[in-house]
Amino acid sequence: MSAAGGERRDGARRGRRVRGSMVPEAEFRSYYGRPIIKEPVWTWEVPWYFFAGGLAGASASLGLGARLAGNHRLARAAWTVAGAGGTVGVPLLASDLGRPERFLYMLRMFKVTSPLSVGSWVLAAMGPAAVGAVVSDRLGIFPRLGRAAEVAAGLLGPALATYTGTLVADTAVPVWHEAGRELPFVFAGSAAASAGAAAMLLAPPADAGPARRLVVAGALLELGAAQAMERRLGELGEPYHQGPAGRLARLAKACTAAGAGLVAAGGRRRGVAAAGAALVLAGSACERWAVYKAGFQSARDPKYIVGPQRARMAARQSEQIEP
């Protein structure tokens with residue numbers, strides 16, 4: 001047997017060789033083909049909580065801004081959405097935890113370095129404040145307490161709308177962890193666009209100008225941040241182009257772009273505004289589901305864990321070699 005023939009057969013066993021190179025192409029495997037890390041234990045309630053929490057947080061900030069500007073019809077619409085989102089968010093989170101009392105257990109301490117701890121306290125504070133603001137406004141009772149509740153919920157709104165992006169990045173799931181810089185901006189843009197869209201559905205078109213502008217600005221931020229995230233992730237961003245996560249990501253981009261375009265072009269007409277708002281809300285929900293599904297897909301494939309680890313090791317070694 002010739003040396004060349006033995007080399008070719010050995011190369012076939014170990015992996016496909018790069019043309020013009022004696023080194024076989026890297027093939028990332030794990031023992032018995034099993035995943036290196038466990039898939040997230042989160043269930044379907046989590047992406048819907050991401051959507052509801054983002055919608056509630058951004059709506060609270062929109063409601064506070066509208067109130068301070070004297071646009072009381074838009075403020076009422078935004079606070080209605082914020083109260084509904086906050087009311088739905090707690091049951092969704094408690095359902096995912098399995099036992100409702102576990103949500104109360106998370107409030108036994110406050111840890112600044114834990115996104116889950118901070119988010120739990122923000123939700124526990126903002127939810128009742130938003131509901132109290134809605135009750136005060138709708139029934140015309142306790143106006144001073146209602147305004148105080150609006151200020152508290154409006155100031156906490158941005159944290160509720162974005163902390164979930166930091167939360168998923170604070171895990172070992174590669175496609176989430178490596179996107180820690182962009183995910184909060186993706187979630188912030190998605191929350192802002194959905195809040196503006198929901199307020200447009202409830203407020204008269206003559207009073208919904210700020211909501212329309214929020215839809216367009218939020219959609220641009222969401223689409224731009226998502227594109228930047230996928231580009232920077234490189235090969236690690238493949239789940240956003242494959243399988244269920246890929247289909248949801250494409251649907252999210254199409255719905256958000258089309259909806260924002262309709263709002264920008266004809267948002268003063270009730271029918272056009274409703275269609276655009278519905279598309280933006282659908283796009284926001286699909287974006288949260290795309291991020292959720294991408295995490296599961298990346299956890300299953302060893303190459304998304306081994307590849308970034310080797311890249312970091314190579315970068316550290318090159319830094320040590322340089323004088």
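Select Cys255 first. At 12% relative accessibility, Cys255 counts as buried, because the cut-off for that label is under 20%. Keep in mind that this is a predicted model.

Which helix holds Cys255? Cys255 is part of helix H10. Now show its contacts, skipping neighbours within four places in sequence. You should find Leu279, Val280, Ala282 and Gly283. Add Ala278 and draw a distance between C-alpha atoms. Cys255 and Ala278 are 23 residues apart along the chain, and their C-alpha atoms are separated by 8.8 Å.

Stay on helix H10, which covers residues 243-266. Select Val263, also found in this helix. Is Val263 buried or exposed? Val263 is buried, with a relative accessible area of 4%.

Next, pick Arg212. Along the chain, Arg212 and Val263 are 51 residues apart. Their C-alpha atoms are separated by 6.4 Å. Arg212 is also one of the contacts of Val263 once neighbours within four places are left aside. The others to select are Met200, Val215, Gly276 and Ala277.

Zoom out to the whole protein. Colour by secondary structure. There are twelve helices and zero strands. Buried residues make up 47% of the 323 residues. Of the contacts with a separation of 6 or more, 71% join residues 24 or more positions apart. Switch on the surface: the protein exposes about 16,400 Å², and carbon and sulfur atoms supply 63% of that area.

Hide the surface and go to the largest nonpolar core. It has 79 residues. Which residues have the most contacts inside this core? Select Tyr49, Trp79, Leu160 and Tyr240.

Centre on Leu160. Beyond its neighbours within four places in sequence, Leu160 is in contact with Tyr49, Gly53, Gly54, Ala56 and Gly57. Val122, Leu123 and Met126 are in contact with Leu160 too.

Last stop: the largest pocket. Its volume is about 240 Å³. Which elements give two or more residues to its lining? Select helix H2 (45-68), helix H3 (72-97), helix H5 (115-139) and helix H6 (143-169).

The lining has 15 residues. Show Trp42, Leu93, Asp96, Leu116 and Leu167, which lie nearest the centre of the pocket. Then colour the lining by class. Eleven residues are nonpolar, two are polar and two are charged.

How values were computed
Residues are numbered from 1 along each chain as its sequence is written. This is a predicted model: local features need pLDDT of at least 70, side-chain atom pairs count only at pLDDT 80 or more; totals for chains, interfaces and linings use all residues. Side-chain values use heavy atoms; hydrogens and water are left out. A nonpolar core is a set of buried Ala, Val, Leu, Ile, Met, Phe, Trp, Tyr and Cys residues joined through side-chain atoms within 4.5 Å. Buried means under 20% relative accessible area, exposed over 50%, partly exposed in between (1.4 Å probe, protein chains only). Contact means heavy atoms within 4.5 Å. On a 1 Å grid over the protein atoms alone, a cavity is a set of points where a 1.4 Å probe fits but cannot get out, and a pocket is an open set with protein on both sides within 12 Å along at least five of seven lines; lining residues have an atom within 4 Å of a point. Grid points are joined across faces, edges and corners, and a volume is the space filled by probe spheres set on the points. Helices (H or I, at least four residues) and strands (E, at least two) are DSSP runs, numbered from the N terminus. Ala, Val, Leu, Ile, Met, Phe, Trp, Tyr, Cys and Pro count as nonpolar, Asp, Glu, Lys and Arg as charged, and the others, Gly among them, as polar. Accessible areas come from the Shrake-Rupley method with a 1.4 Å probe; for residues, only the protein chains shown count as cover.
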